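Here is a small set of exercises to work through with the structure open beside you. Try each task on your own before reading the solution.

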Amino acid sequence: MKPHLTNALNTRRVKREKIMSRNPIKVLMANSASPQPKGEQCDCACAESTSAILPALNSGTFLGISNLYYQKITPEYEMAFNPNIGNGMMLINSSAKELLKAFSPPRPIKPADQSQIVNQMIGIGLLTAPNVDSEIQLHPTPNMLGAWLHLTDRCNLRCSYCYLPHAHQDISLKTGRAVLDAVFRSAVVNGFKQIKLKYAGGEPLLRFSLLQELHSYAQQLAEWHGLQLDGIVLSNGTLLTAEMITTLKKLDLRLMISLDGLGQHHDNLRPYQSGRGSFADVAAAIDLAILHGLPPNISVTVGGHNVEGLPDLLHWILARNLPYNLNFYRPNDLSALSGDLQLDERKMIRGMLAAFKVIEQKMPRQSFLAGLIDRADFSTPHTHTCGVGQNYLVFNSMGQAAKCQMHIQKPITDVHAEDPLAVIRADQTGISNLSVKEKEGCQTCEWKYWCAGGCPLTTYRATGRYDVKSPNCNIYKALYPEVLRLEGLRLLKYQNDPEVVSVFQPS
Ligand code: SF4
Ligand code: SF4
């Protein structure tokens, strides 16, 4: 190396060491055992989780600073993550950033570097070998098979964005049991360890006694096959009673209730068949469920009509300490004429940011990374937006299976198939749930492993293609940095709570 370069590097090193001695390195990360919201994380098919395979690095290996993304949270702290693997976020102080800079240009690991912090940075891909500082493979680790059971097409509400025709169709006990047999067959054949059943409709509480019989049967099947079982009821809440809550708890079933705003904001979108608003009944049902020890997950569909009411709704939800997820309205054949529901970019961004302010003022201990912006999930890297075509089955009331609940009228197979999931996986028609790496406009995006390019159905409806980025991309990109900022503030707020935050500091 030329003498003037050596001198410059030495000067930088001395400056860096001064900064680091004045201000000890501090790195904050969400504790992996940190409290997660209880309840369902998504109203769709949850994406398959993936694991990044990181290279083993030995002393002497060259480390290069990765193509890191930094975001300022406070004057002293920045979030840092590696968009090539999306494997975790660290909140680093200025001295920790100096440590990262010490590996640029790449240099060998020195024995003095083998600190817990350097290992941690290697572990989540903030530091890596220059020759592997490109795309790292994410390997799907499918543990959970999700299945949607459509107990009835009937509903006592007439929501503006519903995709169902509300035909008078109910599932029978015989068909319901055949559906469960088929789900468990596919789970066993394909090596899944866990089954998640979503009892839906229509309004599933209209078939409450059948729901009980079916879930008891599912519990028997789970025991026979040695599989874990998770069950959730997706309800509008209006028919909920204290007796039902007691039964749901006995059956170990969770509850998700849809609520789109306070008062008129909800009533405009989710009226009864008579036209009367349902907010008062839904709010009472949620409080009843809390009172009887079954706090529900709140599913909010956000669109142009209700986004302005979102901050008030968030106040209401956070005051009750309930888990929630915010899903963007998805156009469909039966609601497409409802222009009010369309996503006006500026209005959506403004409303969502105002809602984030409410979260900031009442920062929860529990992580919100999985349910804050539509189908994005910042809690784990993933290549596919949802499990459609991979680990998800949707059964209608006649025992026919479709890829997605929004395509329930377009079944591909049925309960008679030996392995319905294999038929769904092999199907080349209908929804094509591509990897984010195959979506035009997404490949170089820093958010790709958390966003995965959005709902394929929404994209297809807007563009006629599955292999392009979401029509909501501009909204997502305006909001994602704010999610990071909120997460950074959460880590700072709870840094003295070891259940929530792991703090790495050299002793
Ligand atoms: S849809 Fe937009 S934000 Fe999402 S991965 Fe694609 S380019 Fe990135
Ligand atoms: S295709 Fe869209 S609507 Fe269907 S499960 Fe996936 S994200 Fe949800």
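The exercises below go from the whole chain to its helices, its ligands and a few single residues, and the model they use is a predicted one.

**Exercise 1. The overall picture**

Task: Find how many helices and strands the protein has, and what share of its residues counts as buried.

Solution: Start with the secondary structure, where you should find 14 helices and 19 strands. Next, turn to burial: of the 507 residues, 46% count as buried. Finally, look at the contacts between residues at least 6 apart in sequence: 76% of these join residues at least 24 apart.

**Exercise 2. Two helices side by side**

Task: Work out whether α9 and α10 are roughly parallel or roughly antiparallel, and which residues make their contact.

Solution: Begin by locating the helices, with α9 at residues 310-319 and α10 at residues 345-361. They pack at an angle of about 25°, and their axes are 8 Å apart. Angles under 35 degrees count as roughly parallel, so α9 is roughly parallel to α10. As for handedness, α9 passes α10 in a right-handed crossing. Now list the contact residues: α9 gives L310, P311, L314, H315 and L318, while α10 gives G351, M352, A354, A355, K357, V358 and I359. Sorted by class, this contact has nine nonpolar, two polar and one charged residues.

**Exercise 3. Another partner for α10**

Task: Repeat the analysis for α10 and α14: what is the angle at which they pack, and which residues are in the contact?

Solution: The angle is about 5°, and the axes of α10 and α14 are 10 Å apart. These two helices are therefore roughly parallel to each other. On the α10 side, the contact is made by E345, M348, I349, M352, L353, F356, I359 and E360. On the α14 side, it is made by N474, I475, A478, L479, E482, L486 and L489. By class, the contact of α10 with α14 has 11 nonpolar, one polar and three charged residues. As a last step, set the two lists for α10 side by side: M352 and I359 appear in the contact with α9 and again in the contact with α14.

**Exercise 4. The ligand shells**

Task: Find how many residues surround ligand 1 and how many surround ligand 2, then sort each shell by class.

Solution: Take ligand 1 first. It is surrounded by 14 residues, the closest being C442, C445, C451, K469 and C473. Two elements give two or more residues to this shell, namely α12 (448-451) and α14 (473-493). The largest share, three residues, comes from α14. By class, the shell around ligand 1 has seven nonpolar, four polar and three charged residues.

Now move to ligand 2, which 13 residues surround; the closest are C44, A45, C386, C404 and C455. This shell divides into 10 nonpolar, one polar and two charged residues.

**Exercise 5. A402 and its surroundings**

Task: Decide whether A402 is buried or exposed, and which residues it is in contact with beyond its sequence neighbours.

Solution: First place the residue: A402 is in strand β17, residues 400-402. Then count its neighbours: A402 has 25 C-beta neighbours inside 10 Å, so it counts as buried. Setting aside neighbours within four places in sequence, A402 is in contact with V394, N396, H407, I408, K410, P411 and I412. To finish, compare sequence with space: A402 and G430 are 28 residues apart in the chain and 9.5 Å apart from C-alpha to C-alpha.

**Exercise 6. Unusual backbone angles**

Task: Check the backbone at four places: which peptide bonds are cis, and where are N321 and D374?

Solution: As background, most residues other than glycine have a negative phi, and most peptide bonds are trans.

- A cis peptide bond joins S104 and P105, with omega about 0°; P105 lies in the loop between α2 (94-101) and β7 (107-108).
- The peptide bond from G201 to G202 is cis too, with omega near 25°; G202 is in the loop between β11 (194-200) and α5 (208-225).
- N321 has a positive phi of about 55° and sits in the loop between α9 and β15 (324-328). With 13 other C-beta atoms within 10 Å, N321 is partly exposed.
- D374 has a positive phi near 50° and lies in the loop between α10 and β16 (392-395). With 27 other C-beta atoms within 10 Å, D374 is buried.

How values were computed
Residues are numbered from 1 along each chain as its sequence is written. Chains are lettered from A and ligands numbered from 1 in the order in which they are written. This is a predicted model: local features need pLDDT of at least 70, side-chain atom pairs count only at pLDDT 80 or more; totals for chains, interfaces and linings use all residues. A residue is near a molecule or strand if its C-beta atom, placed from the backbone, lies within 6 Å of it. Helices (H or I, at least four residues) and strands (E, at least two) are DSSP runs, numbered from the N terminus. Ala, Val, Leu, Ile, Met, Phe, Trp, Tyr, Cys and Pro count as nonpolar, Asp, Glu, Lys and Arg as charged, and the others, Gly among them, as polar. Axes are lines fitted to C-alpha atoms, for helices over the stretch in contact, and angles run from 0 to 180 degrees between N-to-C directions. Angles under 35 degrees count as roughly parallel, over 145 as roughly antiparallel, 65 to 115 as roughly perpendicular and the rest as oblique. A crossing is left-handed if the near helix is turned anticlockwise from the far one by less than a right angle, and right-handed if clockwise. Two residues are in contact if their C-beta atoms, placed from the backbone, lie within 7 Å. A residue is buried if 20 or more other C-beta atoms lie within 10 Å of its own, exposed if 12 or fewer, and partly exposed in between; C-beta atoms are placed from the backbone.
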